[in-house]
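Trainee: Could we go through this structure together? I would like to learn how each label is earned.

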Amino acid sequence: MQLKYTDMTRSTSQRLHYCDILKGIAIFMVVAGHILTMCIREIDRAAIFKFIGEIHMPLFFFISGMLSFKLTSGNHIVRPSLSKRVSQLLVPMVVVSSIWIYYFPHSGLQSPLDSTWSGLWHDQWKNGYWFTLCLFEIIALYGALTAIMQRCRAIWQELAVVAVIWSALGVLCYTALSQTVVNVLGLGLTMQFFPAFMAGVIARRHADGFNRLVANQGAVTVSLIAGSVLLYFISWPWEFGDLHPVIVSIARSFFHIALAVAAIAIVKPWSKEAYAPEHPEGRPWARMWSYLGTHSLEIYLLHYFFLFPMGWMRVTLVEMNLAFVPLLAVASAGAAAVIAVTLGVNYIISKSKYLSLLLTGK
């Protein structure tokens, strides 16, 4: 059963459809990016791959932050259940990634990741399943911060708390801990996406102000322009000299916030029109993206197994030197096919509650 969520922070029956749509778009981008990096290879240096790689995950973390913030009837912040998150995130991560280790040598795919037991435990990318560990760690941090957040009476105080924790994570990653420990715990990625998650929490807590922000054309214009500049900066930082990684990390965090504002400003009115009272079930395109969004975790966990090898196309595609739009078409067509197969297999798995728990966290 899918949990329902609304613009209010307490349970009612109306979904935030724009969150589903954004998650659907983001998971489609995840698969399209993996089509480029694991099925074709060498094209993953193209601009489109860099853009896709910087856009989809920040949206997931921002939306996760929004949906993680809840209040009790007494206006107390609800601390998220870590036991639930263990079964939802960590159990399928370990099970599915372990299966992947044995499957990968027979897949015909090429991967930039270390798809071995060593890669699972010692590499920050966790054989490609880093997102589940990273999200769990961030939710655990948020749970520890709920008591402090409860005492914050102004948004600047909340931002100060986020800045302090983000700085502490930076100290751990860059000075206090060895790189081996940082990679084992995946702390580098946790530090990278912690601000996006907490921005989602703060946006949900101050929903009225955030809604006014995304409805303000001036704010959206600034977000689009600043986001475009920051996206270029974090995609090709070496063009700006020998920069310290902290500078790039700060720029990336500001980009994540600008991206969230722009994305919600674009998709929210779109979603409102698609789910207007005369279309209570939503228009077909909206139902499609919403469906992908409500199954985004399952798609993320299972889609690697159905990436079809496109190595035979690699040489031709590289020689063609495709521009942004044609390369996007190739990646999108491949992503649509992979997602279709993944959803079919997920439907079969869903008939067994034990397999669902182990493989998809449900």
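Trainee: Why is Ser64 called buried?

Mentor: Let's set the value against the cut-off. This is a predicted model, and in it Ser64 has a relative accessible area of 17%. Buried means under 20%, so Ser64 counts as buried.

Trainee: Where does Ser64 sit, and what is it in contact with, leaving aside neighbours within four places in sequence?

Mentor: Ser64 is part of helix H2, residues 47–68. With those neighbours left aside, Ser64 is in contact with Leu135 and Phe197.

Trainee: Which residues of H2 and H5 meet?

Mentor: From H2 come Met57, Phe60, Phe61, Ser64 and Ser68, and from H5 come Trp130, Phe131, Cys134, Leu135, Ile138 and Tyr142. The residues of this contact divide into 9 nonpolar, 2 polar and no charged. The two axes come within 12 Å and cross at roughly 35 degrees, and H2 passes H5 in a right-handed crossing.

Trainee: What makes H3 and H5 roughly antiparallel?

Mentor: Look at the angle. Helix H3 (residues 82–103) and helix H5 (residues 130–151) pack at about 165 degrees, with their axes 9 Å apart. Angles over 145 degrees count as roughly antiparallel, and therefore H3 and H5 earn that description. The residues in contact are Leu82, Arg85, Val86, Leu89, Leu90 and Met93 of H3, together with Thr132, Leu133, Leu135, Phe136, Ile139 and Ala140 of H5. They divide into 10 nonpolar, 1 polar and 1 charged.

Trainee: Leu133 is in that list. Is Leu133 buried or exposed?

Mentor: Try the same test. Leu133, which lies in helix H5, has 15% relative accessibility. The limit for buried is under 20%, so Leu133 counts as buried. Leaving aside neighbours within four places in sequence, Leu133 is in contact with Leu90, Met93, Lys126, Val184 and Leu185.

Trainee: How many residues does the largest nonpolar core have, and which have the most contacts inside it?

Mentor: The largest nonpolar core has 110 residues, and those with the most contacts inside it are Met57, Phe61, Tyr129, Trp130, Phe197 and Tyr300. Helix H1 (residues 17–40) gives the most to this core, with 16 residues.

Trainee: What is Tyr129 in contact with, once neighbours within four places in sequence are left aside?

Mentor: Tyr129 then has Met93, Val96, Ser97, Trp100, Tyr300, Leu301, Tyr304 and Phe305 as its contacts.

Conventions: Residues are numbered from 1 along each chain as its sequence is written. This is a predicted model: local features need pLDDT of at least 70, side-chain atom pairs count only at pLDDT 80 or more; totals for chains, interfaces and linings use all residues. Side-chain values use heavy atoms; hydrogens and water are left out. Axes are lines fitted to C-alpha atoms, for helices over the stretch in contact, and angles run from 0 to 180 degrees between N-to-C directions. Helices (H or I, at least four residues) and strands (E, at least two) are DSSP runs, numbered from the N terminus. Angles under 35 degrees count as roughly parallel, over 145 as roughly antiparallel, 65 to 115 as roughly perpendicular and the rest as oblique. Contact means heavy atoms within 4.5 Å. Ala, Val, Leu, Ile, Met, Phe, Trp, Tyr, Cys and Pro count as nonpolar, Asp, Glu, Lys and Arg as charged, and the others, Gly among them, as polar. A nonpolar core is a set of buried Ala, Val, Leu, Ile, Met, Phe, Trp, Tyr and Cys residues joined through side-chain atoms within 4.5 Å. Buried means under 20% relative accessible area, exposed over 50%, partly exposed in between (1.4 Å probe, protein chains only). A crossing is left-handed if the near helix is turned anticlockwise from the far one by less than a right angle, and right-handed if clockwise.
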